[in-house]
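Let's take a walk through this fold, starting with the whole chain and then stopping at a few spots worth a closer look. Keep the viewer open as you read.

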Amino acid sequence: MSSAAASVPAAPDAVATMRAITQPVYGPPEALRAADLPRPVPAAGEVLVRVAAAGIDPSIWHLLAGDPRIVRLAAGLRRPRRLVPGLDVAGTVVAVGEGVTSSQPGDEVFGVGRGVLAEFTVARADRCLHRPETVTVEQAAALPVSATTALQAVRRSGRVQAGHDVLVLGAGGGVGTFAVQVAVADGARVTAVCSDGKADLVRSLGASEVIDYHRTDPLSGDRRYDVIIDIAGLRPLPHLRRALTPTGTLVIVGGEGGGAWLGGLGRNLRASLTTPLVRQQLRWIVATTGPEDLQELAAAVADGTLSPVLDRTFPLDRSAEALRYVKDGHALGKVVVTVP
């Protein structure tokens with residue numbers, strides 16, 4: 001990654017440029033480049049945030065690679081429409097746009113920004129909340145996308161209730177570690193599936209049982225689950241349905257592999273077509289991050305109900321390395337980029 005960009009002085013208003021990590025073309029994480037860009041200006045209803053930390057999740061490198069190809073319909077056909085990647089942010093408000101009354105300069109906030117792998121980003125004011133004092137900037141940056149996805153998968157789509165038997169596939173990643181905690185907090189008996197190296201941590205989050213998928217097929221045998229949360233997998237629908245109770249619910253969160261054009265979305269479409277024909281509920285989600293979810297997550301972290309699992313942090317100029325680490329499946333929980 002290029003590191004030729006000049007650093008920004010401590011006073012945010014001293015210059016009109018900022019250091020940012022850019023994705024000028026579709027490609028692997030190594031295609032990212034550091035550059036000096038004009039500092040964004042908040043429009044009406046927006047805030048300008050000096051970034052302290054930014055969360056990394058698989059959606060960033062899917063958009064970076066333009067993979068599967070269908071994402072390019074929204075992200076840009078020939079090249080990425082958004083030059084600076086990333087959504088999850090924690091930092092300090094330095095300016096507000098017209099009509100913003102919920103924040104003011106100096107507020108410590110977290111939420112969803114627009115291109116957060118940079119020294120400054122803009123965010124809608126209603127998607128940028130005050131950061132509780134007991135929550136670190138790194139923890140706050142780990143929350144918005146992954147924790148919201150877990151919350152919506154477990155509660156809204158899965159409708160998990162006390163006493164349910166829940167299987168979480170992909171329990172050791174960013175969404176998975178949150179999903180296990182949410183399901184446990186709701187009174188479910190959670191069986192978590194991950195690699196052996198992540199088992200102790202996942203067990204500490206409250207899982208009743210942890211299965212190493214390298215040794216055991218979690219979908220084989222006679223056991224049936226009320227809810228299966230399948231995160232970033234591509235297991236065949238018949239195998240997943242076989243492990244559900246007759247009226248159980250499958251929730252698909254993302255998916256890796258598949259064809260070049262649809263990727264895991266092909267399985268999602270088959271789930272939608274199958275659901276009207278069977279008693280089981282086969283659902284897939286694309287989470288949206290709103291203020292209500294962010295408030296609920298902040299309160300849960302502040303009172304100890306939810307604890308972000310942070311694998312490691314990378315400085316801004318090593319963003320490509322952070323994305324590669326997540327893409328290769330090494331992360332235990334969340335990876336965060338910090339901005340000096």
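Helices here are DSSP runs of H or I with at least four residues, strands are runs of E with at least two, and both are numbered from the N terminus. On that count, the protein chain has ten helices and 15 strands. Before going further, bear in mind that this is a predicted model: local features need pLDDT of at least 70, side-chain atom pairs count only at pLDDT 80 or more, and totals for chains, interfaces and linings use all residues. Residues are numbered from 1 along each chain as its sequence is written, and side-chain values use heavy atoms, with hydrogens and water left out.

Now the overall build. The radius of gyration is taken over C-alpha atoms, and the globule rule to hold it against is 2.2 Å times the number of residues to the power 0.38. For 340 residues that rule gives a compact globule a value near 20 Å, and the protein chain has 20 Å, so the two agree. Along the principal axes, the C-alpha atoms fill a box of roughly 65 × 45 × 35 Å.

What share of the residues counts as buried? With buried meaning under 20% relative accessible area, exposed over 50% and partly exposed in between (1.4 Å probe, protein chains only), the figure is 53% of the 340 residues. Contacts, meaning heavy atoms within 4.5 Å, tell you about the wiring: among those between residues at least 6 apart in sequence, 65% join residues at least 24 apart. As for the outside, accessible areas come from the Shrake-Rupley method with a 1.4 Å probe, and for residues only the protein chains shown count as cover. The chain's accessible surface comes to about 14700 Å², and 53% of that belongs to carbon and sulfur atoms.

Let's zoom in on strand β15 (residues 334–338), where you'll find Val337. Val337 counts as buried because its relative accessibility is 0%. Leaving out residues up to four places away in sequence, Val337 touches a long list of partners, including Ala52, Ala53, Ala54, Ile56, Leu117 and Phe314. Phe314 sits 23 residues from Val337 along the chain, yet their C-alpha atoms are separated by 4.8 Å.

Phe314 brings us to the aromatics. Rings of Phe, Tyr and Trp (its six-membered ring) pair if their centres lie within 6.5 Å; planes under 30 degrees apart count as stacked, over 60 as edge-to-face and the rest as tilted. By this rule there is one aromatic pair. Phe314 and Tyr325 make up that pair, which is tilted, with 6.1 Å centre to centre and 55° between the planes. The pair links distant parts of the chain, with Phe314 in strand β14 (residues 310–315) and Tyr325 eleven residues away in helix α10 (residues 319–327). Phe314 is buried at a relative accessible area of 3%, and Tyr325 counts as buried at 13%.

Helix α10 also turns up in the packing of α1. The buried residues of α1 are Ile60, Trp61, His62 and Leu64, and they pack against β3 (46–56) and α10. Just after α1, Gly66 takes a positive phi of about 65°. Keep following the backbone and you hit a cis peptide bond joining Asp67 and Pro68, with omega about 0°. Pro68 lies in the loop between α1 (58–65) and α2 (72–75). Who comes to meet this stretch? Ala260, in the loop between β12 (244–253) and α8 (265–274), is in contact with Asp67, Pro68 and Arg69, leaving aside its neighbours within four places in sequence.

There's more backbone to inspect. Most residues other than glycine have a negative phi, and most peptide bonds are trans. Arg159 has a positive phi of about 50° although it is not a glycine; you'll find Arg159 in the loop between α4 and β8 (165–169). At a relative accessible area of 51%, Arg159 is exposed. Ala232 likewise has a positive phi, about 55°, without being a glycine, and belongs to the loop between β11 (225–231) and α7 (237–242). Ala232 counts as partly exposed, at 37% relative accessibility.

Last stop: Thr149, in helix α4 (residues 144–157). Is Thr149 buried or exposed? Its relative accessible area is 9%, so Thr149 is buried. Setting aside neighbours within four places in sequence, Thr149 is in contact with Val175, Val253, Ile285 and Ala287.
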